[in-house]
Amino acid sequence: MLKTVLNLNAASCIFFGVIFVMFDRVVSAFIGTVPEIVIMTLGAILIVNGLLLILVARQENPKRSHVMTFVIGDFAWVGLTIILLILGIWITNPYAMILALIIAVFVGSFGVLQCKYAPE
C-alpha cells in the first residue's frame, strides 16, 4: 500500500509541477496575486519531489526517514495553504481558495497514509 500512496503522491506532484512551470502566468492569474516566479519555482520543486517519491517507491524496503520526509513536506503544504488562506496572502480568487482547500485535503491525506504505512 505504501508504494501505491507514494506513486499517487508522485503523480500529483509531477502533474501540478508541470502545470505550474508551463503555465505559470495562467496559474498566477487564477490564484490571485502570487508572483509568477513563485509559481514556477514551486512547480520545479514539485517535479523534483515527485521524482524523489518515485525513487523511494521503487525501493524494496524504503527507509522510514525517507518516507517521513515526504510526510513532513505534505503537512507543511497543508499548513502553509491554511496560513495563506487565513491571512489572505496570494490566494485571493474564491475559486482558487476552494481548489486550494481541496488540494490541501488530498495532500494531507497522502501525508496521513504515508505515515500510516511507513516502515517501522
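# Exercises on a predicted helical model

Leaving out neighbours within four places in sequence, Phe 70 is in contact with Leu 6, Asn 49, Leu 52, Leu 53, Val 56 and Gln 114. The model is a predicted one. The exercises start from this residue.

## Exercise 1: Phe 70

Task: State which helix holds Phe 70, and decide whether Phe 70 is buried or exposed.

Solution.
Step 1. Phe 70 is placed in helix H4.
Step 2. The relative accessible area of Phe 70 is 8%. Buried means under 20%. Phe 70 is therefore buried.
Step 3. For a distance along the chain and through space, take Ala 100: Phe 70 and Ala 100 are 30 residues apart in sequence, and their C-alpha atoms are 19 Å apart.

## Exercise 2: Two contacts of Phe 70

Task: Find which residues Val 56 touches and which residues Leu 6 touches, leaving aside neighbours up to four places away in sequence.

Solution.
Step 1. Val 56 lies in helix H3. With a relative accessible area of 7%, Val 56 is buried.
Step 2. Val 56 is in contact with Leu 6, Pro 62, His 66, Val 67 and Phe 70.
Step 3. Leu 6 touches Leu 53, Val 56, Ala 57, Phe 70 and Gln 114.
Step 4. Read the lists against each other. Phe 70 appears in the list for Val 56 and also in the list for Leu 6.
Step 5. As a contrast, consider Ile 102. Val 56 and Ile 102 are 46 residues apart in sequence, with 26 Å between their C-alpha atoms.

## Exercise 3: The nonpolar core

Task: How many residues does the largest nonpolar core have, and which elements give two or more residues to this core?

Solution.
Step 1. The largest nonpolar core has 20 residues.
Step 2. The residues with the most contacts inside this core are Leu 6, Ile 31, Ile 39, Leu 53 and Ile 91.
Step 3. Two or more core residues come from each of H1, helix H2 (24-31), H3, H4 and helix H5 (94-117).

## Exercise 4: H1 against H3

Task: Describe how helix H1 (residues 2-22) and helix H3 (residues 36-58) are arranged.

Solution.
Step 1. The two axes come within 7 Å and cross at roughly 155°.
Step 2. Angles over 145 degrees count as roughly antiparallel. H1 and H3 are therefore roughly antiparallel to each other.
Step 3. The crossing of H1 past H3 is left-handed.
Step 4. The residues of this contact divide into 19 nonpolar, 6 polar and 2 charged.

## Exercise 5: H2 against H3

Task: At what angle do H2 and H3 pack, and which residues of H2 meet which residues of H3?

Solution.
Step 1. H2 and H3 pack at about 115°, and their axes are 9 Å apart.
Step 2. H2 passes H3 in a right-handed crossing.
Step 3. From H2, the residues Asp 24, Arg 25, Val 27, Ser 28 and Ile 31 meet Glu 36, Ile 39 and Met 40 of H3.
Step 4. The residues of this contact divide into 4 nonpolar, 1 polar and 3 charged.

## Exercise 6: Asn 9

Task: Is Asn 9 buried or exposed, and what does Asn 9 touch?

Solution.
Step 1. Asn 9 is found in helix H1.
Step 2. Its relative accessible area is 2%. This value makes Asn 9 buried, because buried means under 20%.
Step 3. Without neighbours up to four places away in sequence, Asn 9 touches Leu 53, Asp 74, Phe 110 and Gln 114.

## Exercise 7: Three accessibilities

Task: Sort Ala 100, Trp 90 and Leu 80 by the classes buried, partly exposed and exposed.

Solution.
Step 1. Recall the cut-offs: buried is under 20%, exposed is over 50%, and partly exposed is in between.
Step 2. Ala 100, in helix H5, has a relative accessible area of 13% and is buried. Apart from neighbours within four places in sequence, Ala 100 is in contact with Thr 81 and Ile 91. The C-alpha atoms of Ala 100 and Val 78 are separated by 9.1 Å, with their places 22 residues apart along the chain.
Step 3. Trp 90 sits in the loop between H4 and H5. Its relative accessibility is 31%, so Trp 90 counts as partly exposed. Trp 90 also has a positive phi of about 65°, although it is not a glycine.
Step 4. Leu 80 belongs to helix H4 (residues 64-87). At 52% relative accessible area, Leu 80 is exposed. Leu 80 and Val 34 are 46 residues apart along the chain, and their C-alpha atoms are separated by 14 Å.

Methods:
Residues are numbered from 1 along each chain as its sequence is written. This is a predicted model: local features need pLDDT of at least 70, side-chain atom pairs count only at pLDDT 80 or more; totals for chains, interfaces and linings use all residues. Side-chain values use heavy atoms; hydrogens and water are left out. Helices (H or I, at least four residues) and strands (E, at least two) are DSSP runs, numbered from the N terminus. Buried means under 20% relative accessible area, exposed over 50%, partly exposed in between (1.4 Å probe, protein chains only). Axes are lines fitted to C-alpha atoms, for helices over the stretch in contact, and angles run from 0 to 180 degrees between N-to-C directions. Angles under 35 degrees count as roughly parallel, over 145 as roughly antiparallel, 65 to 115 as roughly perpendicular and the rest as oblique. A crossing is left-handed if the near helix is turned anticlockwise from the far one by less than a right angle, and right-handed if clockwise. Ala, Val, Leu, Ile, Met, Phe, Trp, Tyr, Cys and Pro count as nonpolar, Asp, Glu, Lys and Arg as charged, and the others, Gly among them, as polar. A nonpolar core is a set of buried Ala, Val, Leu, Ile, Met, Phe, Trp, Tyr and Cys residues joined through side-chain atoms within 4.5 Å. Contact means heavy atoms within 4.5 Å.
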